[in-house]
Amino acid sequence: MKRRDFITKSIGAGIATGAGFSLLSIEEAFAKSLFNPHAPYDLVAVMGGEAPEMFEKGIAALGGMKSFVKAGQTVVVKPNIGWDRTPEFGANTNPELIAKIVEHCFNAGAKDVFVFDHTCDNWQKAYATSGIEKAAKDAGAKVIPGNSEGQYKSVSVPKGKQLKEAKVHETILGSDVLINVPVLKHHDGAGVSFAMKNLMGIVWDRGFWHKNDLQQCIADMVTCRKPDLNIIDGYRVMKKNGPKGVSVSNVSVEKAQIISTDIVAADAAAAKIFGKEPDSIGHIRIAHEMGLGQSDLSKLNVNRIRI
Amino acid sequence: MQAYLKPARVVVSIIMLAGTGFLFLDFSGSAPSAWFRYFTWLQFVPSIIDFLNTLGRGLAVTAFGFAAVLLLTLLFGRVYCSYICPLGILQDVISRISKKAKRKKSRFRFAPPKTWLRYSILILVCLSLFTGKLFLLNTLDPYSNFGRLMSDFLRPLYAAGNNLLTSLLQAMGSYALYPVKVAVTDPYALLVPALILTLVVWFSFRRGRLYCNAVCPLGTLLGLVSKISLFKIRFDKAGCTRCGKCMFVCKSQCIDVKQQQIDFSRCVGCADCLKACDNNSIRYTFASTEKAKIMQPDRSKRRFVMGSLLFIGALSGLSIKSIARNSKPKNSDPKTKGSGVNTGNEEVIKTHSVCPPGSQSIHHFTGACTACHLCVSACPTGVLKPSFLEYGFFGMMQPYMDYHTSFCNYECVRCTEICPNGAILPLTREEKVLTQIGTVRFVRNNCIVHTDETSCGSCSEHCPTKAVRMVPYKGELTIPEVNVDICVGCGACEYACPVTPNKAIIVDGCKEHRQAQKPKEETLEEKPLEDFPF
């Protein structure tokens, strides 16, 4: 999103909100999908296919990638590449899905597509073992490292309650579109790791988050840089021992995918697939309360696609 | 004909220097582990230590590099010092630079041998080996010093240069290079190598191979062997005009033109003199062709016998120690404090430092590592660091696992594949993931979940075996619980713990490495979803 677009949209959203509040209840106002008023659905959930196939069906239901990426824009596709684990572990995002998303970005006219993560394991090993480096490069993306503090620039988080400042990867700051592509998995620290948690991989000092109320910081980060699109990969779901996983027996093949511009809604749907109530996850509850999105799926216009 | 020996020597030595140097500087991990062997197996000190270590568990062919060197020396004298030893070659480079730098045409002159100094050092080093400590040998060993120069001093500069170039390229839109972490070594751990290397550079700048002929214990030892070499460089007294050209280029300062004699125990076989001589009057000749007219033959022979005996004695002392060490039954339980018993303050002290996987025990490791820091350079995560006092004074410079800087990658076995002295022995991936090099200790009173009552789980998140897992605490909160049986001691938990200054979770080194239990296979109770749950 260009700055100008952002401002116009924000103003638009502001007026809409004002008008909305005057006419409707707050809940109803949120139900109108403030963040992308033109989208036909607030959330698309797909089940039963291979990851790239589910993405193609899902994004088509949202009007195709052209609704999110304009010609000449630079895009960051942010998968979870945290761990030196093969795709079967479900610790990292499905590499075929990443390749398909990159392909769609280029088809929509993207100038550049960057792929990176601030990994937990050694980044070269994680990039290679996850299969994402090769898949993304083959699809034409620039796979860039996120391993050095010098690449991260300090930004303020004025609406953050705990997180007042964060060092964000310069490529995120310099790009037009951020597409957040987490894997749906268990997480020992945060409870679960979906879309909001995946944003931890665009910042440098994660230790600060852990030290200063992790759940609140995860929600705070959404106020800083809200992804333009969230695609949650629920093909292989690590049900326990996350986020790294101990064995492939921790994985349940759910063949699910959730696509939404509303990061809180996407996480709420992911929670359901994981087998938890959205409100039982600290950062989902907090983000909803902060008005960053809608965690009550019954208030949303959801398109369910079964393959 | 023998004039071509010099260019040949230059080519070989440049390949050795560049190859060995690259292995120490490279951070990309592009060199296959086998390459390390090509360049290190002829390195005398690592090779002989490797040989002694493998004695205890059957002979390994890879450990015979030192025998090849001895054979070479018996044939041609100390060619090792000119063709193979990276520190020796580096000194030649420095000598050359100094020659160019000095305005006046600099020439070498014959200098008398530093007999007392060099033999005292050799004897001291040999005696020190009887204690089982390698400290003195490590301090002076030329290969290891070269390694430390590259790994500790030049590698950070190399990395910084790479980062500069990376940012320039990125400004132009190219991502061909990537930034790397510039390794910072504890400055105290650099004191000894800095001192020795300053000496080496200064000596070589001023006086050619003085380090090799006055200090280096290996130079002295090979010098003794070269006294009985089959081929030696000698004067053809009839043809020699005593012009002195050979002497002027001799970096060992061992050519006495007046006496027309060469102190072959100091000659490094560089062949510069062969090229310098206009009428072929100085050349390699078979020993029997000229009946022993070496300086004081009797004394030198006696010295050779004495020195060799001492050296052999010292090595056998070391080898007995190493065999005893290898055959010792594995000690089951070094003292580690139980988890979560630290109730008082924040200070957490490790019982032992952690030595790298494959090194079997702190005792084996410190008794076999010459601190060349090849593993420090090759470690992809940068967790290996030169120690200061982590293994005690006599273990100085030998690498340890620094979990404040990084942690050991679960399935990586790089260091075990490349160690030239068998201090870190080979491990397969399957063995590595069950090798316990340390055990986790949780300090509840330091933990954020306990002190702040907020979520964290950083330690458990990074744990590859879930030896650290989160169990219910208060309300939604979960707190770490440790299972030392399945802990491999990789240090990921300690590294990831955000608590400062004292961590809430640490890894105590195992004095003797053990086998960790396999994590229990868990099956999932629920079946995958049939339909949308919303």
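Visitor: What pLDDT does chain B average, and how many of the residues score at least 70?

Guide: This is a predicted model, and chain B averages a pLDDT of 88, with 88% of the residues scoring at least 70. Since pLDDT runs from 0 to 100, you can set that 88 against the top of the scale.

Visitor: Where in chain B does pLDDT stay under 50?

Guide: Over residues 289-297, for which the model has eight contacts beyond four places in sequence. Residues 323-345 of chain B stay under 50 too, and there the model has 31 such contacts.

Visitor: What makes a residue of chain A part of the contact with chain B?

Guide: Its C-beta atom has to lie within 7 Å of one from the other side. By that test, the contact takes 43 residues from chain A and 36 residues from chain B. Among the elements of chain A that each supply at least two residues are strand 1 (43-47) and helix 11 (263-274). The side of chain A that touches chain B divides into 13 nonpolar, 17 polar and 13 charged residues.

Visitor: How do you know that domain 1 of chain B touches domain 2 of chain B?

Guide: Use the 7 Å cut-off again: the contact takes 35 residues from domain 1 (2-306) and 24 residues from domain 2 (339-515). On the domain 1 side, helix 9 of chain B gives the most, with seven residues. By class, that side of domain 1 has 15 nonpolar, 12 polar and eight charged residues.

Visitor: What does the model score overall?

Guide: It scores ipTM 0.85 and pTM 0.87.

Technical notes. Residues numbered from 1 in each chain as written. Chains lettered and ligands numbered in written order. Predicted model: local features only at pLDDT ≥ 70, side-chain atom pairs only at ≥ 80, totals over all residues. Contact = placed C-beta atoms within 7 Å. Helix = DSSP H or I, 4+ residues; strand = E, 2+ residues; numbered from the N terminus. Nonpolar A, V, L, I, M, F, W, Y, C, P; charged D, E, K, R; others polar. Domains from an automatic or database assignment. pLDDT = per-residue confidence, 0-100.
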